[in-house]
Amino acid sequence: MTDRRQFLHTAIAGAAAIGVRGLRVNDLLQDADVRALPRPTPAQLSWQRDELAMFIHFGVNTFTDREWGDGTEDPRIFNPSALDARQWARTARAAGFKAMILTAKHHDGFCLWPTRTTTHSVASSPWRNGQGDLVREFVDACRAEGLKAGLYLSPWDRNASVYGESQRYNDFYLAQLTELLTQYGTIHEVWFDGANGEGPNGKRQTYDWPATWNTVRRLQPSAVMFSDAGPDVRWIGNERGTAGITNWSMVRPDIVTVPGMSGDEVMRSLQNGDRDGTVWRPGETDVSIRPGWFHHPAEDTRVRSADDLLQLYFTSVGRNSKLLLNVPPTRDGLLHANDVDSLLAMQARRDAVFAHDLAADATHRFRTTGARSAELVTTLRQPAEIGVLDLREEIARGQRVARYRVDAFDGTTWRGITRGTTIGYRKLERVTLGVYSRVRVVVNDAIASPVSMILHCYRGS
Ligand code: FUL
């Protein structure tokens, strides 16, 4: 028993002994349990419920056909002939996305807004006669389509002459961040990667993460911050689109303390979270629709198919994560037709799979069977062919389930159809197609008393 629980036990027993009216020992103990569990903030909760965000990698690399610019690019190469951020946003919305995140600055240091901190920006390009502001067009497009806007500001800057000059670069970086967070209205997510290479003078920079995070909190208090080390949402540990099969939304903050750390323990904590974690920091799964993050004409035929994208949805959102899918605009400044087609086809596939919840009019009976166990029995109105299970915990009250099994009744016998570890926001499972009249979720282990869960069943395809 933890000191805190021991203390509560003693205090409650004492209170009971002296006859404090209305004090119910079990209620208080359960409440103590609940309060000890990390829980999401409203911003983290709505971030997770959005499920899908679109990542937009765009900049000088789009014009040099590279993945990482070296900072020597001439701003005059940046000249998208038909740029239309509304086309990105319309596509995102039509494909079921709720947010977009733009690379305001990538490692090459080229800024997509007319910053006062450097001339290495759109202001030195021929695009819109040097009068353009892509961050502005991006946030306006997001708002027009009802999407949340997010920005990525790479701390690694291969152009800035002050990079590697300790405080001077940190001041420069915070000035850029301040422009982005004060001139463009509400920003919902601020994205920090951990890359930390050499700058133009061969020096490396020590980033000031506390000052960076404080600046975001101060200027955009309801934004979530992404990085390996959060503080609000964490990297899932790979760029393949797969969250851990076991995936806790809690982490131990002493394992990944700053972005860019490596090692087995770091990777395990990013992929799986920590059962005994004390901080709510759910994982975000970033992956590209193409092999590269930036657009390369040679990859136009290597766009992920709708089925592939649906599979990514299962291995990210369906494993208690969020999918941040990168779709890079072309040199014209538009999403390529192949990418748009795949996205819309994925949305059609998703609609088809999740259109008809076979358990919508079922009866659900949930009961705890012990301190750390529970059972949910769902009785369908009539037997139905089930191929996809959709399990959800009420994460506003924390994440609790650590091990479960699902059985289904085929009219004669109960058979085990799947088993797993964590559930969290959403656990999507494909199971062998079968006709069942009842489904039973048995929770055998949990880190706190399980609270009611939700089960949806689909035929799938
Ligand atoms: C990484 C970068 O190095 C890649 O270019 C890309 O932006 C990816 C999302 O983050 O840190």
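Here are four short exercises on a predicted model, each with a worked solution.

**Exercise 1. The ligand's surroundings**

Work out which residues surround the ligand, and how they divide into nonpolar, polar and charged.

*Solution.* Start by collecting the shell. Going up the numbering, you pick up Phe 55, His 57, Trp 68, His 106, His 107, Tyr 152, Trp 191, Asp 193, Glu 239, Asp 286 and Trp 293. Next, sort them by class: five come out nonpolar, three polar and three charged.

Now look for polar atoms facing the ligand's oxygens. Trp 68 puts a polar side-chain atom 3.1 Å from a ligand oxygen. For His 106, a side-chain N or O atom sits 2.9 Å from an oxygen atom of the ligand. Asp 193 also has a polar side-chain atom 2.9 Å from a ligand oxygen. Finally, check how much of the ligand is covered: on its own it would expose 300 Å², and the protein buries 89% of that.

**Exercise 2. A hairpin**

Find out how strands E13 and E14 run and what links them.

*Solution.* First, locate the strands: E13 spans residues 401-409 and E14 spans residues 414-420. They run antiparallel, with six bridges joining them. For a handy register mark, take Asp 407, which stands opposite Gly 416 in E14. Then move to the turn. Four residues separate the strands of this hairpin, and Gly 411 in the turn has a positive phi of about 105 degrees.

**Exercise 3. Two positive phi values**

Asp 65 and Asn 320 both have phi near 65 degrees. Decide where each one sits, and whether each is buried, partly exposed or exposed.

*Solution.* Begin with the backbone. Neither residue is a glycine, yet phi is positive in Asp 65 and in Asn 320. Now place them. Asp 65 belongs to the loop between helix H4 (60-64) and helix H5 (85-94), while Asn 320 is in the loop between helix H10 (306-315) and strand E10 (322-326).

Last comes accessibility. Buried means under 20% and exposed means over 50%, with partly exposed in between. Asp 65 has 38% relative accessibility, so it counts as partly exposed. Asn 320 has just 1%, so it counts as buried.

**Exercise 4. A peptide bond to check**

Is the peptide bond from Gly 230 to Pro 231 cis or trans, and where does Pro 231 sit?

*Solution.* Read omega first: it is near 10 degrees, and the bond is cis. Then trace the chain around it. Pro 231 lies in the loop that runs between strand E5 (224-227) and strand E6 (233-235).

Terms used: Residues are numbered from 1 along each chain as its sequence is written. This is a predicted model: local features need pLDDT of at least 70, side-chain atom pairs count only at pLDDT 80 or more; totals for chains, interfaces and linings use all residues. Side-chain values use heavy atoms; hydrogens and water are left out. Two strands pair if DSSP finds at least two bridges between them. A residue is near a molecule or strand if one of its heavy atoms lies within 4 Å of it. A polar contact is a pair of N or O atoms within 3.5 Å; within protein, one must be able to donate a hydrogen and the other to accept it, and residues adjacent in sequence count only if both atoms are side-chain atoms. Accessible areas come from the Shrake-Rupley method with a 1.4 Å probe; for residues, only the protein chains shown count as cover. Ala, Val, Leu, Ile, Met, Phe, Trp, Tyr, Cys and Pro count as nonpolar, Asp, Glu, Lys and Arg as charged, and the others, Gly among them, as polar. Buried means under 20% relative accessible area, exposed over 50%, partly exposed in between (1.4 Å probe, protein chains only).
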